[in-house]
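Hi,

Here's the structure I promised to pass on to you. Have a look at it first, then read my notes below with the model open beside you.

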Amino acid sequence: LVHVLQPNCFFTRWYPDVVKHKEVVITKGHFGAVHILCETIVMEAMDQECPNTITLSSCPSADQDKSGIFRAVHEYSHVQHVAKAPKGAEMSPKSTQQFMKVSATYRLTLMGISKDLDANAEVMDPTGAGDSFLAGYLASLHDSLEDTLFSWDADKLQNQDSKTKSRLQFAAWVAGRKLGGVGARTALPTRQDVIDRLGHNPLHIQENVSRLVGNFDLDAISQKPQIL
């Protein structure tokens, strides 16, 4: 699982000012998908370089089921060149190295694949499955006064983890439906398909997709520190 953090780690290293609260969604085929949110970035001066490590741990405050919500802490050293003026005023400043320890904390929400066997008894064509997943996720972000199908701010979905989980489940369901047809678009569900299969409001959709989408495959995950 550690390698899915690589895009976030890249942005943290080179663009620390913009990566905080940045969200990344990565699909992992038959394993499922991962939503990554950068929560905090802390920098402190150090006398020496620290090892480049990523540590994974489960989130005790998250939903107490097997949906898979983890916290990852990435620690590494960043070298800064600091100008230091010598004693002689007429001499040019000299550059010296200073190590900065960077600790970035990420929240990972893992979700499995669709198990909606009635709608997808056989995989016909995987073309566009990843795009379908992302399309479903983006559609679930849509909320307006005219269309409240995905108004995840209902009373029972106030928790951000619950909303992220529901969006990932809906995206997995959309991708699963797509697998049941030939081509990239023929089996994509319409808005009416969503209403007929999942319900006409966020609470019904959340309840139904939680039944129709499995958990991420955690068998290969190690929670020990990983040296990159």
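Let's start with a single residue. Leaving out residues up to four places away in sequence, proline 16 touches Phe11, Ile41 and Met43. You'll find proline 16 in helix α2, which covers residues 16-19. It's partly exposed, with a relative accessible area of 25%. Now look for alanine 104: proline 16 and alanine 104 are 88 residues apart in sequence, yet their C-alpha atoms are 9.4 Å apart in space.

Before going further, please keep in mind that this is a predicted model.

There's another proline to look at, in the helix before that one. Proline 7 sits in helix α1, residues 6-14. With a relative accessible area of 34%, proline 7 is partly exposed too. Its C-alpha is 9.7 Å from that of isoleucine 26, and 19 residues separate the two in sequence.

**The overall layout**

Zooming out, the protein has 6 helices and 6 strands. If you walk along the sequence, you meet them in the order α-α-β-β-β-β-β-α-α-α-α-β. The protein has 228 residues, and 41% of them count as buried. Here's a number I liked: take the contacts with a separation of 6 or more, and 71% of them are between residues 24 or more positions apart.

**How the helices pack**

Three helix pairs are worth rotating the model for.

Begin with α3 (residues 129-140) and α4 (residues 160-179), whose axes come within 7 Å and cross at roughly 140°. That angle makes α3 oblique to α4. The crossing of α3 and α4 is right-handed. On the α3 side, the contact uses Ala129, Ser132, Phe133, Gly136, Tyr137 and Ser140. On the α4 side you'll see Arg167, Leu168, Phe170, Ala171, Ala172, Val174, Ala175, Lys178 and Leu179. Sorted by class, the residues of this contact are 10 nonpolar, 3 polar and 2 charged.

Next, α4 also packs against α5: the angle is about 110° and the axes are 13 Å apart. That makes α4 roughly perpendicular to α5. Here Phe170, Trp173 and Arg177 of α4 meet Asp193, Val194, Arg197 and Leu198 of α5. The contact of α4 with α5 has 4 nonpolar residues, no polar ones and 3 charged ones. Phe170 is worth clicking on, as it's listed in the contact of α4 with α3 and in the contact of α4 with α5.

The last pair is α5 (residues 191-198) with α6, which pack at about 75° with their axes 9 Å apart. So α5 and α6 are roughly perpendicular to each other. From α5, the residues involved are Val194, Arg197 and Leu198, and they meet His204, Ile205, Asn208, Val209 and Leu212 of α6. By class, that contact comes to 5 nonpolar, 2 polar and 1 charged. Val194, Arg197 and Leu198 of α5 may look familiar, since they turn up in the contact with α4 as well.

While you're at α6, find serine 210, which lies in this helix (residues 202-212). Serine 210 has 33% relative accessibility and counts as partly exposed. Tryptophan 173 is 37 residues away from serine 210 in sequence, but C-alpha to C-alpha the two are 9.8 Å apart. You met Trp173 above, as part of the α4 contact with α5.

**The cysteines**

One more thing to check. A disulfide is a covalent bond between the sulfur atoms of two cysteines. How many disulfides does the count come to here? It comes to 0. And why is there no bond for cysteine 9? Its sulfur is 9.4 Å from the closest cysteine sulfur, the one in cysteine 38, and that's too far; a disulfide needs the two sulfur atoms within 2.5 Å. Seen from the other end, the closest cysteine sulfur to that of cysteine 38 is the one in cysteine 9, at 9.4 Å, again too far for a bond.

Is cysteine 9 buried or exposed? Cysteine 9 counts as buried, at 9% relative accessibility. Cysteine 38 is buried as well, with a relative accessible area of 0%.

That's my tour. Enjoy turning the model around!

Cheers

Methods. Residues are numbered from 1 along each chain as its sequence is written. This is a predicted model: local features need pLDDT of at least 70, side-chain atom pairs count only at pLDDT 80 or more; totals for chains, interfaces and linings use all residues. Side-chain values use heavy atoms; hydrogens and water are left out. Buried means under 20% relative accessible area, exposed over 50%, partly exposed in between (1.4 Å probe, protein chains only). Axes are lines fitted to C-alpha atoms, for helices over the stretch in contact, and angles run from 0 to 180 degrees between N-to-C directions. Helices (H or I, at least four residues) and strands (E, at least two) are DSSP runs, numbered from the N terminus. Angles under 35 degrees count as roughly parallel, over 145 as roughly antiparallel, 65 to 115 as roughly perpendicular and the rest as oblique. A crossing is left-handed if the near helix is turned anticlockwise from the far one by less than a right angle, and right-handed if clockwise. Contact means heavy atoms within 4.5 Å. Ala, Val, Leu, Ile, Met, Phe, Trp, Tyr, Cys and Pro count as nonpolar, Asp, Glu, Lys and Arg as charged, and the others, Gly among them, as polar.
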